[in-house]
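Q: Please take a close look at the strand architecture of this model. I would like a connected account of how the strands are arranged, what is packed among them, and where the backbone of the loops is unusual.

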Amino acid sequence: MSFMYQTLIGSMVYCLFSSVALCKEVNALLEITKGQTPMSQQMIKVNKNDVVHLVISSDEPGDLHLHAYHLSVHVDSKIKSVLDFKAFATGRFPFEWHSEVKPSAAPKAHHKALAIIDVFPN
Ligand SMILES: [Cu+2]
C-alpha cells in the first residue's frame, strides 16, 4: 500500500515539474458486474505519463491485474477500490479480472480481460 502511494506521490511531483502539456490526470471507472464492465468502460485511452486514477467496484470479490505494469488491486464487493498509477509504458494492455467466486467449469488459469488501456506516445 505505502509503495503505491509513494509511486503516486512520485508521479504527482513528476507532473508538477514537467511541462503541463505533457502530463495530466485521467479519471476512469470500472464497474464490474458478474465479471464484466459496461461497454463504455472497456477502452481507456491515455497519453504516456498521464496519471491514471481508476475507481473500481464489483458485485463479487476478486483481484484486478494490469500485468504489463505489475499492478494488482483487491476489490471487495460493495466497497470501492482505487488504483493510481502513471502510464509510463506505451501500448495496449488488458486489465484482467480474477474473481474469487469459483467458476463452475472454466479453468482458473483463464482470466477475463475486463478492459483495455491504450497508452499513446506523446
Ligand atoms: Cu492476472
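A: The account below takes the two sheets in turn, then the nonpolar core, and finally two loop residues. The model is a predicted one.

The five-stranded sheet comes first. This sheet is open, its strands follow the order 2-8-7-4-5, and its pairing is mixed. The edge positions are held by strand 2 (43–47) and strand 5 (71–75); each has a single partner strand, so one side of each is left without a neighbour in the sheet. On average, neighbouring strands here are turned by 20° against each other, direction ignored.

Within this sheet, strand 7 can be followed to its partners on either hand. Strand 4 (residues 62–66) and strand 7 (residues 91–99) run antiparallel and are joined by four bridges. In this pairing, Leu64 lies opposite Trp97 of strand 7. Strand 7 also pairs with strand 8 (residues 112–120), again in the antiparallel sense, over seven bridges. There, Phe93 is found opposite Ile117 of strand 8. As general background, strands of a sheet pair through backbone hydrogen bonds, either parallel or antiparallel.

The other sheet is open as well and has three strands, in the order 1-3-6, with mixed pairing. Strand 1 (25–32) and strand 6 (81–86) form its edges; because each has a single partner strand, one side of each is left without a neighbour in the sheet. Neighbouring strands of this sheet are likewise turned by 20° against each other on average, direction ignored. Strand 3 (residues 51–58) and strand 6 run antiparallel, with six bridges joining them. One pair in this register is Leu54 with its bridge partner Leu83 in strand 6.

The nonpolar core draws on strands of both sheets. The largest such core has 17 residues, and Leu30, Ile56, Leu64, Phe95 and Leu114 are those with the most contacts inside it. Two or more residues each are given to this core by strand 1, strand 3, strand 6, strand 7 and strand 8. Strand 8 gives the most, with four residues. In general terms, nonpolar side chains tend to be buried together in soluble globular proteins.

Leu30 offers a local view of this packing. Apart from neighbours within four places in sequence, Leu30 is in contact with Thr37, Gln41, Leu54, Ile56, Phe95, Leu114 and Ala115. Among these contacts, Ile56, Phe95 and Leu114 also belong to the group with the most contacts inside the core.

Two loop residues remain to be considered. Most residues other than glycine have a negative phi. His70, which is not a glycine, has a positive phi of about 55°. His70 lies in the loop between strand 4 and strand 5. Because 8 other C-beta atoms lie within 10 Å, His70 counts as exposed. Lys78 also has a positive phi, near 70°, and is placed in the loop between strand 5 and strand 6. Lys78 has 10 other C-beta atoms within 10 Å and is therefore exposed. Strand 5, which both loops adjoin, is itself an edge strand of the five-stranded sheet.

Note on methods:
Residues are numbered from 1 along each chain as its sequence is written. This is a predicted model: local features need pLDDT of at least 70, side-chain atom pairs count only at pLDDT 80 or more; totals for chains, interfaces and linings use all residues. Two strands pair if DSSP finds at least two bridges between them. Axes are lines fitted to C-alpha atoms, for helices over the stretch in contact, and angles run from 0 to 180 degrees between N-to-C directions. A residue is buried if 20 or more other C-beta atoms lie within 10 Å of its own, exposed if 12 or fewer, and partly exposed in between; C-beta atoms are placed from the backbone. A nonpolar core is a set of buried Ala, Val, Leu, Ile, Met, Phe, Trp, Tyr and Cys residues joined through C-beta atoms within 7 Å. Two residues are in contact if their C-beta atoms, placed from the backbone, lie within 7 Å.
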